[in-house]
Amino acid sequence: MRFWIIVATLVAGALCLAPTLLGEMPAWWTKVVPVQRLRLGLDLKGGVHLVLGVEIDKAVENATERVANELRDTFRRKRLGVGTVRREGLTTIVLVPSPESSRDKIRVELDEYPTFQIDKDAADEIRLTMRSAEVDRIRTFAVDQGLETIRNRIDQFGVSETTVVKQGTNRILVELPGVSDPRRAIELIGKTALLEFKLLDETNSLEEALKGNVPPGSQILYQQDKDPSTGRTSRTPYLVQKRVILTGTDLNDAKVDLSGSSGKGPAVSMSFNNRGARTFALVTEENVGKRLAIVLDDNVYSAPVIQEKITGGRAQITGRFTVEEATDLAIVLRAGSLPAPVEILENRSVGPSLGADLIRKGIISTVVGCLLVMVFMAIYYGLSGLVADFALLVNLTLLLASLAALRASLTMPGIAGIVLTLGIAVDANVLIFERIREELRGGRAIRAAIETGYARAFVTILDTHVTAMLTAVVLYFAGSGPVKGFGVTLFVGLAISLFTAVVVTRVIFDWVTMTRKITKLSI
């Protein structure tokens, strides 16, 4: 039974390792056996290592600002006599009601926002403050949503074998192995991608606004246009209403349009969900002849004139895009906007030449170390040493196959973990062989000496392996990046070491002693 378990394990290991060793597999193989190649970590393959800091306070500020805008619109629409609504700091909204305003009606509207509490209700002003529980929720949501958005963008960017995990309360770790254009990847990840549709303020003078006389409720935004032939960037100012009529949250899809319908090269076509389509149709119907600005991260991408009511929920962003820029813009729009800006706190790029050099040195050190140990075992323990060498090769094969099957990344610390586990595996065999030698010197028969030797050594081997495996578990859960990879390699290697040292070599000894008449054990 144990023999067939070993055979089945070796066959499974060979199947898992075959795609890594042989490269492209035939089509029928992928239908029978999953193709999981051994992945190389960032330190071996090269790529980008980023630590992003999420500006969680900005998310709280945006939430407060959004509520202030909603209250401003509500009071104006219902004519409740509130002259000023402004945000103060991160969490406070100040209302300045007129003397003739109805306080009861104002409080009814404020009851619609239970996440805010009234700190001051005086004749000259009303002060609202966001509750602390809501502040904590928004901060936590900003990091979680930011992590999910970044992961979606990277997936659509086409990078595989990535690491996107949360670190602490406001940081996100991103590792992109094999990325050849780090600048483009960083720009894609860090773009906030807040898409807004706003009407232009065409009733007031842009020239006066540029002189500093910006009308209340309006703002100046710029359209940046880069000439692809000269590389020069020009900025065109627009006087835009602050009121947002539609955002990217109602976006259903975004894709690159290469048809050239814009006349300026690639464009990005968008489609809205049902709610967005209804809003878009209503806005365009009410504002025929006016200009609608499409704003992304406070940059005006285009401001076309509304010719007619637009039904069907489709819009298009035009500009002097390259295909690459249009593709990245479509990706960030599809993946959604970040709830808060992110700041790059740490940026390390590992070149492929460094990775290749590390791979070469790692392989050489592993092979040389294994050969030296195998030669020593063969010389010191004779044929029993060859049994231990075979178990060592089985150990290495199963360990690499397990890493491929588990989709764990092989890193430099991981290679160190492999060398360490191979050493522990050899030590286990040495322990067993020494116990068997003691039994043979005591006059026991070969079969009895083998059985007693394994029994006496097993407790010690199990103790050392379990202790080291617990250490590997701690490294995996407490560490990150290379340390986590070391923990995975160490744990899997120790589990396999236990199997090969206690089971594989024992089956070989049993088979030899049961099928052949041996009068002296070479050990």
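**Close-up views of helices and sheets**

**View 1. Helix α4 meets helix α5 in a right-handed crossing.** Welcome to this predicted model. The axes of α4 and α5 come within 11 Å of each other, and they cross at roughly 140°. That angle makes the two helices oblique to each other. On the α4 side, the residues to look for are Leu-71, Thr-74, Phe-75 and Lys-78. They meet Ile-106, Glu-109 and Leu-110 of α5. Sorted by class, this contact has four nonpolar residues, one polar residue and two charged ones.

**View 2. Helix α4 also packs against helix α6.** Two packed helices can be described by the angle between their axes and by the distance between those axes. Here α4 covers residues 56-78 and α6 covers residues 132-157. Their angle is about 120°, and their axes lie 8 Å apart. The pair is therefore oblique, and the crossing is right-handed. From α4, the contact takes in Ile-56, Asp-57, Ala-59, Val-60 and Ala-63. From α6, Val-135, Ile-138, Arg-139, Ala-142 and Val-143 take part. Eight residues of this contact are nonpolar and two are charged, with no polar ones. While you have a helix in view, here is a handy rule: an α-helix has 3.6 residues a turn, so residues three or four places apart point the same way.

**View 3. Strands β3, β4, β6 and β5, in that order, form an open sheet.** The pairing of these four strands is antiparallel. At the edges stand β3 (82-88) and β5 (116-121). Each edge strand has a single partner, so one of its sides is left without a neighbour in the sheet. From one strand to the next, the twist averages 20°. Helix α5, made of residues 103-110, lies across β3, β4, β5 and β6. The helix runs at about 10° to β6.

**View 4. Strand β6 pairs with β4 and with β5.** Strand β4 spans residues 92-97, and β6 spans residues 126-130. These two run antiparallel and are joined by four bridges. To find your place, look for Leu-95, which stands opposite Ile-126 in β6. The pairing of β5 with β6 is also in the antiparallel sense, over five bridges. A useful landmark there is Gln-117, opposite Thr-129 in β6. Between β5 and β6, four residues make the hairpin connection.

**View 5. Another open sheet has the strand order β7-β8-β2-β18.** Its four strands pair in the antiparallel sense. The edge positions belong to β7 (163-167) and β18 (342-350). As each of these has a single partner strand, one side of each is left without a neighbour in the sheet. On average, neighbouring strands are turned by 15° against each other, direction ignored. Strands β2 (residues 47-54) and β8 (residues 171-177) are paired antiparallel over seven bridges. Within that pairing, Gly-53 has Arg-171 of β8 as its bridge partner. Helix α6 packs on this sheet and touches β2, β7 and β8. The direction of α6 makes about 170° with that of β7. Helix α7 (residues 182-190) packs on the sheet as well, where it touches β2, β8 and β18. Its direction makes about 160° with that of β18.

**View 6. Helix α12 has the length that its residue count predicts.** This helix holds 23 residues, from 383 to 405. At 1.5 Å a residue, α12 should span 33 Å. The C-alpha atoms at its ends are indeed 33 Å apart, which agrees. Just after α12 comes Arg-407, which takes a positive phi of about 55°.

How values were computed. Residues are numbered from 1 along each chain as its sequence is written. This is a predicted model: local features need pLDDT of at least 70, side-chain atom pairs count only at pLDDT 80 or more; totals for chains, interfaces and linings use all residues. Side-chain values use heavy atoms; hydrogens and water are left out. Axes are lines fitted to C-alpha atoms, for helices over the stretch in contact, and angles run from 0 to 180 degrees between N-to-C directions. Angles under 35 degrees count as roughly parallel, over 145 as roughly antiparallel, 65 to 115 as roughly perpendicular and the rest as oblique. A crossing is left-handed if the near helix is turned anticlockwise from the far one by less than a right angle, and right-handed if clockwise. Contact means heavy atoms within 4.5 Å. Ala, Val, Leu, Ile, Met, Phe, Trp, Tyr, Cys and Pro count as nonpolar, Asp, Glu, Lys and Arg as charged, and the others, Gly among them, as polar. The expected span of a helix is 1.5 Å times one less than its number of residues. Two strands pair if DSSP finds at least two bridges between them.
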